[in-house]
Amino acid sequence: MPFIELKEITKVYGQKEIQIVALQQVSFALEKNELVVILGASGAGKSTLLNILGGMDYATSGSYKMNGKDITQLNEKKLAQFRRRQIGFVFQFYNLMPNLTALENVRLSIEHLKDVEDPKHTLEMVGLGHRMHNFPSHLSGGEQQRVSIARAIVKKPDLLLCDEPTGALDSQTGKHILRLLKSISETGKQCVVIVTHNASIAEVANRVIRFSDGKLVSNQINLHPKDIEEIEW
Amino acid sequence: MVKKSVLQIKVGREIKSNWKQYLSVVFIACLAVTLFTGILANYRNFEHQLAEIYQSSHMCDAIIMTQTYDEQIENILQKESITYEKRIYFPFSYENHPVYVIVHPDASNMNLPYSVEKQNNPRQGVFVDESFLTRNQLKIGDVFEVALPMGLTIHLQITGTMLHPESLEHTSYTPSLLYMNQSSLVDAIRAQYSFISQERIETYLSSYVNQYLLKGSNISSVLNNIKDQLSDDNQLVYALETKDLPSNQAIESDVTQAKQLIYIFPVIFYLVAILIILTSISQLIQREQKNIGILKALGYSQYQILSHYTSIFLVLGGMGSLLGMIFGPLIIPYVMGMKYQMLYQLPQIEYPFFRIEYLISVVVLLVIIVITSVLTCHSSITKVPAISLRGENAVHFKQGLLSKMTWIKRMPLNMVMAFRNMRRKWSRTWMVIIGVLGCSSLLVCGFGIEDTIYYGLDLELETYIPYDVTVSYVDNASYQSQILSIEGVQFVDEYAKHSVNIEKDHIIHSNLYILPEESSVFQVAYDDSSCLISSKVAEEIGCKEEDIIRFWYNNQVYEVVVTKIVDFCISQGIFISHHYFRNLPFLPTGAWIQTTDASYDEVVSNQIAQMDGVLSAVSIATTREKVNHTIGSIQVMTLTIKIFAILLAVVVLYNLALLNFKERTKDIATLKVLGFSRMEIGSSFMIEIIFLTCIGALIGLFFGQPLLIAVMSINENPLLSYIYHIQPQSYIWTICLTCGVSFIINLIFAILTHRVQMVESLKSVE
Ligand SMILES: Nc1ncnc2c1ncn2[C@@H]1O[C@H](COP(=O)(O)OP(=O)(O)OP(=O)(O)O)[C@@H](O)[C@H]1O
Ligand SMILES: [Mg+2]
């Protein structure tokens, strides 16, 4: 049984006249200890897929199973618990709490959770040990993005979903973050999914899924992922 | 048509798309103006009614009353350079209700009745008040019998009904007034006793003159002059300026109250209006940071941008206050007028719907709005565009202070967020605290008004003088044994009540109650050589227990020690045992009676009322009923206060909750993504509101009593004195109501968090 199993997921936005099919009959399976990269042009449906994987949105049809449990059948409350325990989400647009410091933003995601990383240590890992007590408004875009990453990985989620996690980062920091995400996928307990426009990132992934106009066009396993140092940013 | 500028269109769109948030601005502007113009209208209308009646009746400046005709007073008056008028005044009882009769000269030009039937000549005929007719089922043109003090009985035909400036209080609580000119009386006597010549009757009547109406300048020195010249054996009862007459004092104090109310209540609402506008503006400006930057980049001037944002609030405030200007004069005078209608008989006149003062109050509010918005916007608008363009986040936190406060870090994070929010949005925090404070103090005041009145009444009618029937006599003779022989009567305490001057630091006119040496109804202990004093009188003359006070009675000055100050609510004055005056005969003017059982009350009072020499006999149930009638009108007022208080709380809490909710939709969505439950998310928002509600409500409790005293003290009237008292349950009710409002609003918004769409809210940085 695969860790994650999607069957014929379809997502349609809007009702009646103006319908936008964001995802069409998408099926694939993912395993733990995989680093998955999802590629596709803007508007291809990547964020939509991530939202469904993260339990933030319902699919119009199809089934989504994690460890054999049907996520599409969960009610609001169970879904909230599912997000809290199993999902780590890095947003495309950071979404930090403006009135909490960096450290507190990280702590926010692990309140009431056991078996988590030390938030300070996590911030140090993303290279923000010295800016822990700053508020988001005093951080640069890239720093905010890294806080957002720290907030997602601190809880050691089963499924880590990253929407453009390196979009605002320079090549040096970007590679550092990528290495971090890679190492997370290599613990053997977690699965990391990265959405990106940056095709070179795909070279380090175990699996690359390509989207176009809401349709899955390819799903390749990369048997020999490149080392992060080798890729060109 | 002039083409609208883009910015004007933006004002319209802004209001349209955020109308929910601006609702509170419109609402509070409306509330504030409603209250202000309403209370002002109430005062003006009331003043207007009084002016109408005083002017058309040619009210005199002073009244002198004597026991019987006193020639020397007339001699003195002739020497003084004032105009005066003589008249006859006597009480009689008609159908067990006291009636005062006034006979005025034919060519009278002072204190004329205000004739209800416009065609009547007020100087000619027999006038009574409306309630005299309804009570006795009489109508205009009917004939009824009057016993004159000269021992004659005559028949009078009622010419018309009137309002009279000397008896504006409703006659269910006070004696009725019968007003006629001398020739009407002469004619009536001649109709019955035709053998007496007209001249004889006229000379006879002139020997009954016992009142003088005075008109002239410098009236108080004239009165003192008269008092100084009087010999010791004078017949003077009182010589008072019109404004010092008890009946006028009551109504004058109501006028002052109506006037002072203009300042007490609306101030709270104007203050909250400022705060609500302040918070709404700062919220808007914060949201619009980027747009301000864009407008600047496009080359708009600071002035243009400022006037753009200010105009939004001018439009909103203008709408609200115009509504208020319509509602206020329509609703408030109607509600408050109920009280006056029940207490007084006043002429019905048309009021102007609009007064220039209303417009001024609206303009004042609008000016306040402009000043507030300019001050709030100024700092944001003067920033360089690059900083504005960086958006909302640029204005947020001060770093140093907050990170040093280590105690904050140990709290649960939702508490941390709540506290930081309160600190950051100080104007919003103050708005809620002051609004809730206003609400809870108004509620305490509203409840306290009723508590105070009932407490004083219960104290007097159940603890101090628990009578079942109260009787007043016409002539000063004892009826004790007669009353005791009636079935069902258990105890009778006869007392004498006289109007006297009492002095300590100040001198005032009040009552002297002479109590029997042994009392069984009157429950406060007293001895033979000292006096009890009611707390209101004690306060007015400035005396404490053990002080010595002076009073004038029966042409003699007495000095007596005060043993106890008693919280009497209805009976005002000093209380002394008859033993103290043992050289004088005891001439009771009334009695308190206790029956063996409450079921006898009505029977006993009816029987006593039939007795000769009894002016009236009223059972406790009837007294209570009359009091409840009066209080009923006050209850309408307190209900209005309570409703406005709750509206105030609703507005500020709604505003806070909505602002929080709008600002933090994204936070809510993030928390949802992070898997927080609805309760947890809701509670992080509730903490702030509940915390502020509690603080505001608690502080408000302390302001309740001072507010109560401020409202009631200007409402002092001679009918009742207030024993300030607020029941614990009133405080509990206040807290429950305030927190209840807060809770309901919270609940609504907690439910709304459910509707926040995670995916949509988090999509962009906007
Ligand atoms: N709430 C919505 N209502 C209607 N259409 C939507 C909605 N959200 C997304 N879409 C549409 O669905 C399609 C997929 O959107 P999605 O956000 O998944 O794209 P994406 O691949 O993440 O693009 P990008 O790389 O620009 O982030 C787009 O055409 C978008 O216009
Ligand atoms: Mg996207």
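## Reading a two-chain model

Chain B and chain A bury about 3,100 Å² between them, with 59% of it on carbon and sulfur atoms.

Me: What does "bury" stand for when chain B and chain A bury area between them?

Reply: Buried area is the accessible area (1.4 Å probe) that two parts lose on being put together, summed over both. Here 34 residues of chain B are in contact with 31 residues of chain A, where contact means heavy atoms within 4.5 Å. One thing to keep in mind: this is a predicted model, so local features need pLDDT of at least 70 and side-chain atom pairs count only at pLDDT 80 or more, while totals for chains, interfaces and linings use all residues. Residues are numbered from 1 along each chain as its sequence is written, chains are lettered from A in the order in which they are written, and side-chain values use heavy atoms, leaving out hydrogens and water.

Me: How many salt bridges are there across the interface of chain B and chain A?

Reply: A salt bridge is a side-chain nitrogen of Lys or Arg within 4 Å of a carboxyl oxygen of Asp or Glu. By that rule, the interface of chain B and chain A has zero, though the structure holds 19 over all chains. Take Asp57(A) and Lys11(A): their closest N and O atoms are 3.3 Å apart. Asp57(A) sits in the loop between α1 and β4 of chain A and Lys11(A) in strand β1, so to speak distant parts of the chain, 46 residues apart.

Me: Which strands make up the open sheet of four strands in chain A?

Reply: Strands of a sheet pair through backbone hydrogen bonds, either parallel or antiparallel. Helices (H or I, at least four residues) and strands (E, at least two) are DSSP runs, numbered from the N terminus, and two strands pair if DSSP finds at least two bridges between them. This sheet runs β2-β1-β4-β5 (chain A) with antiparallel pairing. Its edge strands, β2 (20-30) and β5 (69-70) of chain A, each pair on one side only. Strand β1 (residues 4-13) of chain A meets β2(A) over seven bridges, and Tyr13(A) has Ile20(A) as its bridge partner.

Me: And what is the order of the six strands in the other open sheet?

Reply: That one goes β6-β7-β8-β3-β9-β10 (chain A), and its pairing is mixed. At the edges are β6 (87-90) and β10 (215-221) of chain A. Inside, β3 (residues 35-40) and β9 (residues 207-212) of chain A pair in the parallel sense over five bridges, with Val36(A) opposite Arg207(A).

Me: How do the axes of helix α5 and helix α6 of chain A cross?

Reply: Axes are lines fitted to C-alpha atoms, for helices over the stretch in contact, and angles run from 0 to 180 degrees between N-to-C directions. For α5 (residues 141-153) and α6 (residues 171-185) of chain A, the axes come within 12 Å and cross at roughly 5°. That makes α5(A) roughly parallel to α6(A) (angles under 35 degrees count as roughly parallel, over 145 as roughly antiparallel, 65 to 115 as roughly perpendicular and the rest as oblique).
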